[in-house]
Amino acid sequence: MIPQRKPIVEIRGLKTQFIMREGTVTALDGIDLTIYENESLGIVGETGCGKSMTAFSILRLVPSPGKITAGSIRFKGVELRKLTEDEMRSIRGRLISMIFQDPSTSLDPVFTIGFQLGEVISLHQQIYDQNVLKKKTLDMLKLVRIAAPQTVIKQYPHELSGGMKQRVMIALALSCNPSLLIADEPTTALDVTIQAQVLRLLKDLVNKTGSSMMLITHNLGIVAETCDRVCIMYAGRIVEVAPTLELFERPQHPYTKGLLAAFPKLGEQKEELSVIRGTVPNLMKPFPGCSFVDRCDFANEVCRRTRPAMIEVFPGHLVSCHMYRGGGESAAVR
Amino acid sequence: MSRLPSDDSSVAGGSKFLIQTIDLKKLFPVKKGVFGKTVAHVHAVDGVSLSIRRGETLGLVGESGCGKTTFGRAVLRLTQPTGGKILFEGKDITNLPADGLRKLRKKLQIVFQDPYSSLDPRMTVEKIVGEGFAIHGPPSSASKNKKFAESERIHQLIEQVGLSHDHLSRLPHEFSGGQKQRIALARALALEPDFIVLDEPTSALDVSVQAQALNLLKKLQGKYGLTYLFISHDLSVVAHMSDRIAVMYLGKIIELAPTWEFLNNSKHPYTQALIASIPIPDPKLKKERKGIEGEVPSPINPPKGCRFHPRCGFAKPDCQKVEPRLVDIGNGHFVACHLWSYSVPLEQH
C-alpha cells in the first residue's frame, strides 16, 4: 500500500435508480468508492451488479429512466452532480474518457477513422490547422501500435478488424490525455490472443501517461494481470475492496471466495467446480440486510435484518460482511 | 484405392468411435455482381479429420472465425458439407436423404451458444422440452397412455437439469440466462441422444452460473454415457471439460492431444501462444504474457503453406510453401507443424 495517495474520484453514498411503472430498480445501492491518482482499479462483478452503472454515473450518462437519486461524486474535488450539462460535457472525453465493450458500435460507420479521431482532438484541444491535426492523429494511431496508420486514417470502421477498432477506440479515449480512463469490458468482444495484445497496450499507455484507469470486467484473470486494486460488486453494492495481491491471497467476503473458486483454472484437474448456489436477487425488491444473504452459507438472522457496513479488516482491505464485525480473520472462522 | 485406416471401425460395428469425420470440408461461396457470380470461397472448414470416441468429450478451441462452429454444424449436417465424409457409428451419413436423417437426429443433438435466441419465446417450457416427441413419437414407457408418458418424461428431464415442475408452464423470457441454458439442455436430452454438440454453451453466462452449468453437463454425461463435442474459445473451460482437445486455426486442425498432454506439452507455436494468452487469476504469476502479434488472416484467401506462418515466430522458408500435415508424435498427440514433422522430407509433399 502506498500511503496518502491523492484521490481523483471520491464516490460517497451513490444511489442510482430506475424508476419505472413496474417498480423501482436500485442499480446502485449506496456505494462508496475512491479512485486514486496513477492507479488502475478493477471493478469485478456479474451481469447486472452495477459495474457499468458506476461508470455511467460518474460520467452522468445514466440512461433514462435511470437517475442518480442520492450521494455525491467528487472528481478532483469538484462535485459532478452540481455541474451544468455544458460543464459536464467539457469533462467527458477530455478529463474522463471511456472505452466501451463493443468497438464496432462505438464508431460511426459513415466517417473515416481519421475524421473521427481528428474531430475529437480538434474539439478538445482547439487545434484547427489541418496539417497539425493530421500529424496528431497519426501520432495517436502510432501510439496504439497500428501497423499502417497512413492507410487506416482513410479507412472506414467496417474495413478494420475488431482488435484494430478497439485500438482506435483506445486512441480516441487517450487522445486528450484524460486524468481518468474508464474501460468497460474493453476486451470481451475480442479473441484471447488479441485480448492479450490490447490489455498490454492499455496498461503500458496508462502507465506512460500517468492517468488512472477504472477497468470494468467479469474476468478475474484480467484483473490479476492489469490492476493495482480490485473492487468486487454484487447486486448494486460493493462487497469487497482490496489491493490485487491481497484480494487473491486472502479473499474475505463469501461472494469473493465463491467467485474465485468458480473460475476454472487451467491445468487444475477437478471433477467438479465449486459453485455459488442460487441466482442474483431481484433488484426491484429492496433488501434491508446483506444482498448476498440468500446465497451465503454463513448467513444468519443479523444478515437478513441489517445491512453490513464496510469494515477495514487489513490495511486497505475493506469488506462488507457481518462476519468481520470483530475485525480480522479470526472472526471469519466460525 | 486402399482402405482408409478408419474403415476398420465400420467393420467392427463402430464400437470405438461414435463420430468420425474424414477430410470434411465446408466452403461458402462469396458472390459478387448482378448475376451473383461466385468469385471466391470462404474456407470455413478445410479438410478436418477427427474421431470422437464413445463417451468422451472432445474439446474444440479456436478464435472467432476459425470454423469451429461450422464444423459442429456440419457434423450434425445442419449445414451440408462441401466435401469429405461423416461417419456415425461407422455408417456414412454424409449424403443420407432427409427421412433417414430425421430418424438419426434423435441421436444427435446440439445446444447453442445464445440461450436467448435458441428458445421460441411463444412456447412454454413444457412445449419446448416436449417438442421432439411430436416428431419422433412419445418416449418408451411402461404406461400405455402417450400423453402421460410424455408428461412424465418432461417432468423427469426438467428435474434433472435442476429446474422445478412449476417452471414448466412459464415462457422463456421469465428465466435467467443460466436457466434458459438448462431448458435448452433438457430439450437436447429429451430424445435420449448419444451425441451432443455443445457450441459455446456457457459463453453467455456469468462465472458462478457457468460453474453450475459445467457441473451439470459433467453429471449428465456420467449418467447417460453421452459423447460431447465441446466447442469454445475459452481454453480454461475446455480444459476443465474435455478428455482431448483439438485446436482449429483457419479451418484446419493444427493440434490434437489428450488434455494433460495438451496443457503441459503443447507443440504447435499457435497452441503455445493460445495457452500463454489466457489471463490467469493469480497476481503472483504475473508472467509477461508472450502472446502473438498480428491477427487472423482472412479465410477467403488463407496463406499458402502453413496457415499460421505470417504470425509464427519460428517460421522457416519452407513453412511458406509447404502445408504441414497432422502427424502422430506419440501419446495420442497430433500436430501439424514443420518443426515437429521433419521426419517426412518436405520435397515429397
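# Briefing: a loop residue and two open sheets

I280(B) is found in the loop between α10 (269-277) and α11 (317-321) of chain B. The model described here is predicted. The points below start with this loop residue, then turn to an eight-stranded sheet in chain A and a four-stranded sheet in chain B.

**I280(B) and its surroundings**

- I280(B) has 21 other C-beta atoms within 10 Å; a residue with 20 or more is classed as buried, and therefore I280(B) is buried.
- Setting aside neighbours within four places in sequence, the contacts of I280(B) are G221(A), A224(A), L266(A) and L285(B).
- S236(B) is separated from I280(B) by 44 residues in sequence, while their C-alpha atoms are 9.4 Å apart in space.

**The sheet in chain A**

- Eight strands make up an open sheet in chain A, in the order β6-β7-β8-β3-β9-β10-β12-β11, and the pairing is mixed.
- The edges are taken by β6 (96-99) and β11 of chain A; each has a single partner strand, so one side of each lacks a neighbour in the sheet.
- From one strand to the next, the twist averages 20°.
- Within the order of this sheet, β8 and β3 stand next to each other.
- Strand β3 (residues 40-44) and strand β8 (residues 212-217) of chain A run parallel and are joined by five bridges.
- One of the residues in this pairing is V44(A), whose bridge partner in β8(A) is T217(A).

**The hairpin at the β11 end of the chain A sheet**

- Strand β11 (residues 310-314) and strand β12 (residues 317-320) of chain A pair in the antiparallel sense, with four bridges between them.
- F314(A) has H317(A) as its bridge partner in β12(A).
- Two residues lie between the strands of this hairpin, and G316(A) takes a positive phi near 75° there.

**The sheet in chain B**

- Chain B has an open sheet of four strands in the order β2-β1-β4-β5, and its pairing is antiparallel.
- The edge strands of this sheet are β2 (37-53) and β5 (91-92) of chain B, each of which pairs on one side only.
- Strand β1 (residues 17-32) of chain B pairs with β2(B) in the antiparallel sense over 13 bridges.
- Across this pairing, F28(B) has V42(B) in β2(B) as its bridge partner.

**A general point on strands**

- Side chains in a regular strand alternate between the two faces of the sheet.

Methods: Residues numbered from 1 in each chain as written. Chains lettered and ligands numbered in written order. Predicted model: local features only at pLDDT ≥ 70, side-chain atom pairs only at ≥ 80, totals over all residues. Pairing = 2+ DSSP bridges. Axes fitted to C-alpha atoms, helices over the stretch in contact; angles between N-to-C directions. Buried ≥ 20, exposed ≤ 12 C-beta atoms within 10 Å, placed from the backbone. Contact = placed C-beta atoms within 7 Å.
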